[in-house]
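Biologist: I'd like a close look at one part of this model, a helix pair towards the end of the chain. Could you walk me through it and then tie it to the rest?

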Amino acid sequence: MAARFSAVSLLRTATRTTLQTTLLTPRNRPLLARLLSDQTRQAIDKAVATAPVVLFMKGTPEAPQCGFSRASVQILGMQGVDPAKFAAFNVLEDDELRQGIKEYSDWPTIPQLYLAGEFIGGCDILVSMHQSGELAKLLAKNGVLFEEGESEKTDA
């Protein structure tokens, strides 16, 4: 009886393993996931290239539609990101963009921040980088912050 139980256990394990390797990717996502169309990929490539700092968010910077998007915009504001070097895209206006950006970055949540064309992360990553000071260094290194005196020039 013990030998039969072992054989059944092995069969179950082998079947489960086969199903997992057949149906799931290494990141445990279904292989049946939608493929990003060339048109959407090109549109996202173009959007990411519109400014040095690009945020894909729910809503707009003036009217965020979720707390995570609001927090991301606030962090970028606190860091002193120059609005002239910043672009935001409302994923709620285009479902193809909303789904496509997740596949494009291989990141499941929105908002998503890109800096100099490189994906940085979502709100949780921004919060962590903000708290550690890493975000300030990265933004300064990429030259996307207000220069000292720029606000004086615009006020004059």
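At what angle do helix α5 (residues 123-132) and helix α6 (residues 134-141) pack, and how far apart are their axes?

Modeller: The angle is about 90°, and the axes of α5 and α6 are 4 Å apart. Axes here are lines fitted to C-alpha atoms, for helices over the stretch in contact, with angles running from 0 to 180 degrees between N-to-C directions. The two helices are therefore roughly perpendicular, a label covering 65 to 115 degrees (under 35 is roughly parallel, over 145 roughly antiparallel, the rest oblique). On the α5 side, the contact (heavy atoms within 4.5 Å) uses L126, M129, H130 and S132, and α6 brings E134, L135 and L138. By type, that's 4 nonpolar, 2 polar and 1 charged, where Ala, Val, Leu, Ile, Met, Phe, Trp, Tyr, Cys and Pro count as nonpolar, Asp, Glu, Lys and Arg as charged, and the others, Gly among them, as polar.

Before going further, some ground rules. This is a predicted model: local features need pLDDT of at least 70, side-chain atom pairs count only at pLDDT 80 or more, and totals for chains, interfaces and linings use all residues. Numbering starts from 1 along each chain as its sequence is written, and side-chain values use heavy atoms, with hydrogens and water left out.

Stepping back, the chain has 7 helices and 4 strands, in the order α-α-β-α-β-α-β-β-α-α-α. Those are DSSP runs, numbered from the N terminus (H or I of at least four residues for helices, E of at least two for strands).

There's another crossing to set beside your pair: α2 and α4 come within 10 Å, their axes crossing at roughly 80°. Helices α2 and α4 are therefore roughly perpendicular as well. T40, R41, I44, D45 and V48 of α2 meet E96, L97, G100, I101 and Y104 of α4, which sorts into 5 nonpolar, 2 polar and 3 charged residues.

Staying with α4 (residues 95-105), its L97, G100, I101 and S105 are buried, meaning under 20% relative accessible area (exposed is over 50%, partly exposed in between; 1.4 Å probe, protein chains only). They span an arc of only 115° around the axis, so they sit on the same side of α4; the arc is taken from the directions from the helix axis to the C-beta atoms. Among the elements covering them are α2 (38-48), β1 (53-57), β2 (86-90), β3 and β4 (118-121).

Follow the chain out of α4 and you reach the loop to β3, which holds D106. D106 isn't a glycine, yet its phi is positive, near 60°, and the residue is partly exposed at 30% relative accessibility. P111 is in that loop too, and the peptide bond leading to P111 from I110 is cis, with omega near 15°. Past β3, the loop to β4 contains A116, another non-glycine with a positive phi, about 55°; A116 is exposed at 54%.

How far to trust all this? Mean pLDDT (the predictor's confidence in each residue, from 0 to 100) is 82 for the chain, with 72% of residues at 70 or above. Strand β3 (residues 112-115) is highest at 98, and helix α1 (residues 2-23) lowest, at a mean of 42. Residues 1-25 fall below 50, with 9 contacts beyond near neighbours in sequence; residues 152-156 are also below 50 and have 0 such contacts. Where pLDDT is low, the coordinates shouldn't be read in detail.
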